[in-house]
Amino acid sequence: MCIANQKGGVGKTTTAVNLAAALAAGGLGVLVIDLDPQGNASTALGVDHSEGTPSSYNLLLWEQNFQELAQQSPTNPNLYCIPATIDLAGAEIELVSMFSRERRLAEVLVPEDLRALGIDYVFVDCPPSLGLLTLNAMVAAKEILVPIQCEYYALEGVTQLLRNVELVTEALNKSLAVSTVMLTMYDARTNLSHQVAEEVRQHFGSKVLRNVIPRNIKISEAPSYNQTILDYDPGSKGALAYIDAAKEINERFIAEFGALVAANSKHEDED
Ligand SMILES: Nc1ncnc2c1ncn2[C@@H]1O[C@H](COP(=O)(O)OP(=O)(O)OP(=O)(O)O)[C@@H](O)[C@H]1O
Ligand SMILES: [Mg+2]
């Protein structure tokens, strides 16, 4: 699942790490690939991403195996992260002249290898742009999750995002679709939040998750302790909202691809 919205600060990273943590807490194997040179997802998941650390740069530029690059979360053995280091800042330009530049991620993320490692979900945290890094994520993904902040200009840029997804679907990845839209930073006290939520639901219909993520101070504090909200304050409204959203996503997945989950849970029983 590619987490994308070229608008900055809408909750892409927060959603990637906290959904991942919630699914992992529920016993599923989850890999987060940090594809943003800012490295915010790596920070929030508490994994090393100092300069020179094997990272998503190695994955894209050197086609190194993800098994060698994934770091296990310090708090949950089901949760892995391939971090982003500052090296990734140059990747957008370095990729331009490379062979098969938009398929680099797709080629290294072999579904059978992921399954062999016990990975059920992969979340790719994208930077706030529609450049080659995001394109690689879209070509590798089956689904796109678009977080939308319940604020002014919420839908700004979304039309452009959808147009890009359409182009990718036509030319590069037939199985790609925007499957999920998530409302973030929802403030139940304001009319604005209600209006934005209403507008987004009209626009995207059933793609919008029933569960919305409230604006919650604990969510914004957690990354400064290198923690997800599930570790930082598991009883907070923010943690509960991400747990409910994760359940909803997993239920949708089971409804659509039930057999695959059943096959995976079989090797869980064997462990
Ligand atoms: N539900 C929430 N409640 C309160 N603060 C939040 C919530 N979700 C995200 N934030 C805060 O809002 C800011 C932006 O969130 P985040 O970094 O997840 O967005 P982003 O889309 O990944 O940003 P960028 O485009 O820079 O990658 C962060 O400071 C984050 O802690
Ligand atoms: Mg981010």
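Is L230 buried or exposed? I began with this residue in the predicted model. L230 has a relative accessible area of 15%, and I therefore recorded this residue as buried, the limit being under 20%.

**Entry: L230 and its surroundings**

I placed L230 in helix α12, which covers residues 229–232. I then listed its contacts, leaving out residues up to four places away in sequence: L230 touches N18, A21, A22, A25 and I243. I also looked up the separation of L230 from L105, a residue 125 places away along the chain. Their C-alpha atoms are 29 Å apart.

**Entry: D231 and T75**

I moved on to D231, which also lies in helix α12. Its relative accessibility is 34%, so I entered D231 as partly exposed. Which residue, 156 positions away in sequence, did I find at 7.8 Å from D231, C-alpha to C-alpha? That residue is T75. I noted further that the side chains of D231 and T75 are joined by a polar contact of 2.7 Å.

**Entry: S73**

T75 led me to S73, whose side chain reaches the backbone nitrogen of T75 at 3.0 Å. I found a second such pair at the backbone nitrogen of N76, which lies 3.0 Å from a polar atom of the S73 side chain. S73 sits in the loop between β3 (71–72) and β4 (79–82). I recorded S73 as buried because its relative accessibility is 9%.

**Entry: the nonpolar cores**

I next looked up the nonpolar cores. In general, nonpolar side chains of soluble globular proteins tend to be buried together. How many residues does the largest nonpolar core have? I read a total of 51 residues for this core. The residues with the most contacts inside it are L31, I33, L105, M138, I144, I148 and V200. Helix α8 (residues 132–140) gives the most to this core, with five residues.

I took L31 for a closer look. Not counting residues up to four places away in sequence, L31 touches F66, A70, Y80, C81, I82, L114, I119, Y121, V122 and F123. I also noted a second, separate core of 35 residues, which includes I3, A20, Y121 and L145.

**Entry: α8 against α9**

I then examined how α8 is placed against helix α9 (residues 158–171). Two packed helices are described by the angle between their axes and the distance between the axes. The axes of α8 and α9 come within 10 Å and cross at roughly 55°. I therefore classed α8 and α9 as oblique to each other. I recorded their crossing as right-handed. Which residues meet where the two helices face each other? I listed L135, M138 and V139 from α8, and L161, V165 and V168 from α9.

**Entry: A177**

V165 came up again when I looked at A177: the two residues are twelve apart in sequence, and their C-alpha atoms are 7.5 Å apart in space. A177 is found in strand β7, which spans residues 177–184. With a relative accessible area of 36%, A177 was entered as partly exposed. Leaving out residues up to four places away in sequence, I found A177 touching K142, E143 and I144.

**Entry: positive phi**

I also checked backbone torsions. Most residues other than glycine have a negative phi. Which value of phi did I find for Y153? Y153 has a positive phi of about 60°, although this residue is not a glycine. I located Y153 in the loop between β6 (143–149) and α9. Its relative accessible area is 61%, so I recorded Y153 as exposed.

I made a further entry for M185, which is not a glycine and has a positive phi of about 55°. M185 lies in the loop between β7 and α10.

**Entry: S193**

M185 appears among the contacts of S193, which I looked up last. Leaving aside neighbours within four places in sequence, S193 is in contact with C150, M185, Y186 and D187. I found that the side chain of S193 reaches the backbone nitrogen of D187 at 2.9 Å. S193 is in helix α10 (residues 191–204). Its relative accessibility is 1%, and I therefore closed the entry by marking S193 as buried.

Notes
Residues numbered from 1 in each chain as written. Chains lettered and ligands numbered in written order. Predicted model: local features only at pLDDT ≥ 70, side-chain atom pairs only at ≥ 80, totals over all residues. Heavy atoms only, no water. Core = buried A, V, L, I, M, F, W, Y, C linked by side-chain atoms within 4.5 Å. Buried < 20%, exposed > 50% of the residue type's maximum accessible area, 1.4 Å probe, protein only. Helix = DSSP H or I, 4+ residues; strand = E, 2+ residues; numbered from the N terminus. Contact = heavy atoms within 4.5 Å. Polar contact = N/O pair within 3.5 Å; in protein donor to acceptor, adjacent residues only side chain to side chain. Axes fitted to C-alpha atoms, helices over the stretch in contact; angles between N-to-C directions. Parallel < 35°, antiparallel > 145°, perpendicular 65-115°, else oblique. Left-handed = near helix turned anticlockwise from the far one by under 90°.
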